Amino acid sequence: MDGFTRRTFALPGEASARDEKTVHVAGAGPAVIVMPEMPGISPDVVRFARWVRDAGFTVYLPSLFGVDGAYPTVDLGADVLRRACVSREFRAFAGGGTSPVVTWLRALARTAHEECGGPGVGAVGMCFTGNFALTMTLEPAVVAPVLGQPSLPLDDPAALELSPDDADTIRRRFERDGLTALAYRFDDDKWCTGQRFAAYARLLGDRFDGRVLPGDCANPAPPPFFRESVGTPHSVVTAHLVDEEGHPTMRARDEILAFLRSRLQTA
């Protein structure tokens, strides 16, 4: 986590230590909240966060699960996933509605906007947190949501991790404020399927910009958890990214940075 300042953030007015979370912060400029993928803030997630920082943003990297800054072993990753699935903060399965942790993330976005200024805040979710970037738009400060391979709910590939009321509010906000959600997946990802992208398109219409990369361009040698437990091309700009100029996954990274600039670095 070199180059990041470790902070503690709690919901305003909350006295309980259980509501406090660690947030790693770096950079200068408008705020972008980069959420970790399951099973935590790996070096690949940190690399992406540094790219966002170097593009002219203040990055807020919240610790939501796992071991910060480490590649997880297969066993540790499986344990983190099991605990997240039964946590009161997450709604991993169909019928659960919106994950409660989004309330904390929206409060973080409000604080980040107050600290950094600018037109608003960007939110990048990945995998387990992919849909959180969308539900964070319930906070008016969030104006640039990026959904990386959103994987919840785990047991229904055609469903969205949203309550009906939140879905309706988000749809109306996108129409009213002219927002767009940028999203990515691999075409053969079994955790984030074409059915899920179709569900987002039904919700948001042409305000959902879902982009699909061929699975055969994914990094063929990701860290062990992704190779053995995920078992499919999945993490577009982290574990399955190929760090070569012109590669499709690097173009996806550049598109995300351009999207954030267009929404957050306006005059």
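On a 1 Å grid over the protein atoms alone, a cavity is a set of points where a 1.4 Å probe fits but cannot get out, and its lining residues have an atom within 4 Å of a point. Grid points are joined across faces, edges and corners, and a volume is the space filled by probe spheres set on the points. With that rule in hand, there are three cavities of 30 Å³ or more here. Bear in mind that this is a predicted model, with local features needing pLDDT of at least 70, side-chain atom pairs counting only at pLDDT 80 or more, and totals for chains, interfaces and linings using all residues. Residues are numbered from 1 along each chain as its sequence is written, and side-chain values use heavy atoms, with hydrogens and water left out.

Let's start with the largest cavity, which holds about 60 Å³ of space. Its lining is made up of P39, G40, S42, G66, V67, A70, Y71, P72, L76 and V80. Sorted by class, that gives seven nonpolar, three polar and no charged residues. (Ala, Val, Leu, Ile, Met, Phe, Trp, Tyr, Cys and Pro count as nonpolar, Asp, Glu, Lys and Arg as charged, and the others, Gly among them, as polar.) P39 is worth a second look: a cis peptide bond joins M38 to P39, with omega at about 10°. You'll find P39 in the loop between β3 (31-34) and α1; helices (H or I, at least four residues) and strands (E, at least two) are DSSP runs, numbered from the N terminus.

M38, the other partner in that cis bond, takes us to the largest pocket, since M38 is in its lining. A pocket is an open set of points with protein on both sides within 12 Å along at least five of seven lines, and this one has a volume of about 180 Å³. Besides M38, the lining has L81, C127, F128, S151, L154, W191, F225, F226, S229, V230 and H234. Helix α7 (residues 224-230) gives the largest share, four residues. By class the count is nine nonpolar, three polar and no charged residues.

One pocket residue has an unusual backbone to check: C127 has a positive phi of about 60°, although it is not a glycine. C127 sits in the loop between β5 and α4 (132-135). There is also a second cis peptide bond to visit, joining L152 and P153 with omega at about 0°. P153 lies in the loop between β6 and α5 (164-177).

Strands β5 (121-126) and β6 (142-148) come up again at the second largest cavity, where each supplies at least two lining residues. β5 gives the most, with three. The space inside is about 50 Å³, and the lining consists of V124, G125, M126, V146, G148, Q149, Y184, V236, V237 and I256. Seven of these are nonpolar, three are polar and none is charged.

Follow I256 out of that lining and you reach a helix pair. Helix α1 (residues 43-54) and helix α8 (residues 248-264) pack at about 45°, with axes 10 Å apart. Axes are lines fitted to C-alpha atoms, for helices over the stretch in contact, and angles run from 0 to 180 degrees between N-to-C directions. Angles under 35 degrees count as roughly parallel, over 145 as roughly antiparallel, 65 to 115 as roughly perpendicular and the rest as oblique, so α1 and α8 are oblique to each other. Contact (heavy atoms within 4.5 Å) is made by F48, W51 and V52 of α1 with M250, R253, I256, L257 and L260 of α8. That contact has seven nonpolar, no polar and one charged residues.
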